[in-house]
Structures are given as C-alpha cells and as structure tokens.
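Work through the two exercises below with the sequence and the model at hand, and attempt each task before reading its solution.

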Amino acid sequence: MLKTLFGQKKTYLYFFLCFIISQISWGQSKTEEKLNLAQEYYKTEEFDKALELYRDLIKNKELLGQIHENYLDLLLKKEELKEAEKYLKKLSKNNPDNSMYNVDYARVKLIEKDTLAGNKIMETYIKQVANNTTKLRYAALYCIDLGLYNYAEQCYRVGEKNQGETFYYELADLYANWGKYEQMIDEYMQLLSVKPDQLEYVEMALQDRLTTEEKFELIEPQLLTMVQKNANMTVFNELIVWYYLQQKKFYAAFIQARALDKRLRLEGYKILEIGRLAKNNKDYKNASKIFQYLVDRYKEYAVYPMSRKLLIETKEEIIKSTYPIDKDQINSLVKDYQQIIDEIGVNGQTGDALRNMALLQAFYLDEKEKAIVELKELINNRSIPKSLVSQAKLDLGDIYLLQDNPWEASLLYSQVANSNREMTIGHIAKLKNAKLHYYTGDFLLAQSQLDILKLATSRTISNDAMALSMLISDNLNLDTTSLAMEQYAAIDLLVFQGKYLEAIESYEQMLVKFKGHRLSDEILWEKAHLLIKLGNYEQATEPLKEIVEFYGYDILADDAHYLLGIIYQDHLNDKESAMNYFKDILIKFKGSSYEVDARKRFRALRGDNVNKS
C-alpha cells in the first residue's frame, strides 16, 4: 500500500516537473521570439513598435547586454530623455564599474544640457576605476566612439598618473580623431624620446594623418624644439631629415644630415642620397651645393667619384635649363667630363660621363662627328654594362637623326628594342622609332607602334605614347588630307635638331595657312617654349596669352596660366601679373597638377610666411 502510494507521488512529481520545465521553455521561447521581433523592427526602422517591445524586455536583466544599445538609441531618437536618464541612473547604480553604462549616463546628461552633472558622473566613475587600466582603456575607447574626447583624455591621463603607464599611442590616436594635431605630434615626440626604435612607425603615422600641407607643417616647430632639447639623441635629427625630404626642402634636410653624418660616421652616404633626391626632383641649385660639399670634404672616401660625377651632371642641368644656353659653360662642362675620363679611364664607373660629354658635343656644340666616335668607343668597350651600351646606341641613333639620317637611326633603335624586349629601355627604343616615323610623315605606322606602347609598364612611356597617338588621330580625322599634320611633324623634327629659329618661322606660317585648325593651341604652346629657349621671355608671353584668350578651357589652358606666372615671377619681375595667373589656376582649374605649386608661389608673392629651403 505504502509502496503503491509512494510510486503514485513519484509519478505526480515527475509530471509536475515536466509541467514546470515546459512552462519555463515556453516562456523562454516567447521571450526569444519577442526579442527577435524587436530587433527586426529596429532594423526596419519601425521604431515605435521596437520601443514598445524593448520596454517590456528590459525588465529581464539577462537581456541587458543584447538590447541596451538599441534601446538607448531609440530613447534618444524619440527624445525620451527622462526615461533614458531613469534607466541609466539605475543601471549605473547597480553596475558602478561598468564603463558603457556610466559613459552613457554622462552622455544623456550632456544631451540634457546638464554639463555639470555629466562631468560629475564621469569624474566619479574615473576615480572609482583609477587603478584598473583595462576599464580606463575601454571607457576611453567608448568615449572616442561617441565623440566624447575630453572624457577619453581624462581616462588616459588618470591612468598615466595612477598606474605609471604610458598611453602615447592611445593619446596620439585620440588627438588625431579630435583634430588636435599639435597634441598628437607631441605624443609622438614623447614616444620617440623613450622608444627611438619606433621612428618608422611614427613617420608612417604622421604621413597618414597629416594629410594637408598646413597640417604637415605643424611638425617642424615641435621637431626643432625636440632636436634642441635632446642633443644627445639622433632620432629627432633623423625624423627632421625625413620631414624636410617630405617637404622637398632638400637643403634643410642636408644641414640636418650633415650633423648626423659627423656624429654617426656615415661617410657621406646619407648626404649623397639627399643630393640624389634633390637632383631627381629638379632642385638643381641645392643638389649642386650638396654635391659640392661632398666633393670638397670627402676626397678620400668612397662617395667622392660618384659625388663629383653627379656634381657635373647637376651643373649641366642648371646650364641646360637657363636660357639662352651659354656655350662657354657647355665647353666648361665638357672639360670637366674629359678630366674625369682622363683620370680614371673609360669603365663602368665613368661610362655615364663619356656619354654625357658626347651628348653635349652633339646637341650644343655641333660636334656631331666627335660625339659619334666617343659613343662608338663606349659601345665597343666590354667593361661597360649592357644597359649603358643600349642607352649609348639610342643616343647614337638620335645623333644620326640630327644629321638627317633617319634610316641609320631607325636601325639602332630597332637593335635596342629587339635585344631588350619587355624592358623599359626596349620600350623607349620603340617609342623613338614611332616618333621617327611620325617625323617622316608615316603616321599609320607610327600610330600602330604607339598603340602597342600604350600598354607599356612605364607610366611615362605609356603617357607619351598615348599623347602622340591622340595628337595624330585627332588631327588626321579632322582633315581630308594630312598636310597640316605633316608640316607640324616636320617642324617637330626641326625642334629636335635644335633649329629653333627655323621652327618658329614655320610655326608662324602654319598659324596663317591653317588658321583655326585644331593644332593652333599646340603650335602656340610649342612656339612659346622655343622663344623661352632663345631667352625671349617677353615675346614668349604673347602665344601663351593667345592660348588663355582663345583656348581658355582647352587642355593647355592651365599649362599656359602656370607658365605665364613663372615667366612673370622668375624672369620679368612682374609680381602682380604673376599673382594673377597663379590665382586663376586656384580659382578656374581646381584639381590641376599645378595647383599645389601655384598656391605656394601665390602665397610667397603675397608675402605670407612660407618656409623656404
């Protein structure tokens, strides 16, 4: 009897537990269903329906982590600030060390314009977790996400004070987001003072974050201060060299590198690198000073021969870009090159010098036969690298073209192209051959070769090929005959051969004969350049002004404005006219490749405090 009764009770208990479990499962299923529905309403922006469900769900403490962000967002969207405040006050009281709840509470008080209360909430919270670096970091990051930068700063500073920990990376990130770039730079400077091995990281961070010229210039004053305060640390000298190189202030970079070179005994290599960069960026004036320093001070070092050769090459670029060309200076350069060759002989190290000397003789001194003999000597010398031999063959082809011997030139270009397939010098050879066919009026053959070269790996070659191809196709399509194009190409050959006066006269005849032709702006542009090469700067402004007046929004318009500005600033000493042309570029040609330099020049002419090097 008792056994039977006990068995019945056990059965009843089993069914009761099953009932309870089923009720709990049903409740959980119902809650989960309600939660999913609320989230769906939130996603589809049915905010009233979502808020109604969240208000019910928020009573379940276990769901707080899943719904807090959406629930608070809805309260703020619906401007239910009192409800949000009540909700967060209770949350922060029950979870005093929770970063998110306390930051959100302070945030709502700020939205309510109760700044004092918001500040007090954050001060209390930060004080409470002052010895917990992890919570301070999390709170700071959450504040940054919300744009509460001053609170994030407080978190990091309290962490520094109480934990003795550094937050250089975090504070730099904060100030970058805040737009306080001077403070960001200061944090990076402090980082380098304790971790100089982070130089490359700091360089990359500064370059990524200081994206405008004005922002980037904020680096210099702080850097100079750090260099002065930390005379025993080279890291700041290295950084300021990098800074000046980014600004293309090569002489300023050289001054700093010179001090580094002496201290670290670099034997001139860093200085040589800066000189090369200056030369490659066509800052020949400062490149010349840098190479001259190396030649004067490092006669017994390995950098001397290269420095001497680069010094002559730089002087050559200065002479060739100063119009009209001074033949006496060209002769002086030839003697300098000859001296190097006499001292060292013709080998891999001096081959460039012999090549440069031959080109000066051919193109500027009308000593073509002498140049041909020297280039053939270079080509037949077994100690000369293959790449230089190929370049010498191209030069020899150019000289044959100067002598009106296009077939010999084409033969040499073809040899180089065939022996250097898919290499840059091979593409250059093909481009020269295409230009030769263009000069001689075989436009279809020229264009077929140019179309292939458009796909060249070198952007310069590809762009040159595309430009010449477009010039041919655009202008041939306009005419029933190719007469205008043939005459234009023939004049291009005269220019290549240095027959500038003859070319100018031919351009003037074309402007009359083919008045209104699409080539007119190109002819005016080329005529202006020839007048500049002859040193006739005043006359050069006339065709450029015609481009501005009659082709003001064509492809050469910004080029003409910029060149006029340069002529008036650098050669005619007319500050007002120069300013007007540079200003036009900034207003009429936004996005022009000349915009940055035009702005610098305009600011300098206006008298702004523009740093120069």
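**Exercise 1.** In this predicted model, determine how the axes of helix α9 and helix α10 are oriented to each other, and which residues make the contact.

*Solution.* Begin with the axes: those of α9, residues 168–178, and α10, residues 181–194, come within 8 Å and cross at roughly 165 degrees. Since angles over 145 degrees count as roughly antiparallel, α9 is therefore roughly antiparallel to α10. The crossing in which α9 passes α10 is left-handed.

Next, list the residues in contact: α9 contributes Tyr168, Tyr169, Leu171, Ala172, Asp173, Tyr175 and Ala176, while α10 contributes Tyr181, Gln183, Met184, Glu187, Tyr188, Gln190, Leu191 and Val194. Finally, sort the residues of this contact by character, which gives eleven nonpolar, two polar and two charged.

**Exercise 2.** Decide how many disulfides the model holds, and establish whether Cys143 and Cys155 are buried or exposed.

*Solution.* The test to apply is that a disulfide needs a pair of cysteine sulfur atoms within 2.5 Å, and by this rule the count comes to zero disulfides. Cys143 is in no disulfide, the nearest cysteine sulfur being that of Cys155, 5.2 Å away. Taken from the other side, the closest cysteine sulfur to that of Cys155 is in Cys143, and because the separation is 5.2 Å, it is too far for a bond.

For the second part, the cut-off for buried is under 20% relative accessible area. Cys143 has 0% relative accessibility and therefore counts as buried; Cys155, at 0% relative accessibility, counts as buried too.

Notes
Residues are numbered from 1 along each chain as its sequence is written. This is a predicted model: local features need pLDDT of at least 70, side-chain atom pairs count only at pLDDT 80 or more; totals for chains, interfaces and linings use all residues. Side-chain values use heavy atoms; hydrogens and water are left out. Buried means under 20% relative accessible area, exposed over 50%, partly exposed in between (1.4 Å probe, protein chains only). Axes are lines fitted to C-alpha atoms, for helices over the stretch in contact, and angles run from 0 to 180 degrees between N-to-C directions. Helices (H or I, at least four residues) and strands (E, at least two) are DSSP runs, numbered from the N terminus. Angles under 35 degrees count as roughly parallel, over 145 as roughly antiparallel, 65 to 115 as roughly perpendicular and the rest as oblique. A crossing is left-handed if the near helix is turned anticlockwise from the far one by less than a right angle, and right-handed if clockwise. Contact means heavy atoms within 4.5 Å. Ala, Val, Leu, Ile, Met, Phe, Trp, Tyr, Cys and Pro count as nonpolar, Asp, Glu, Lys and Arg as charged, and the others, Gly among them, as polar.
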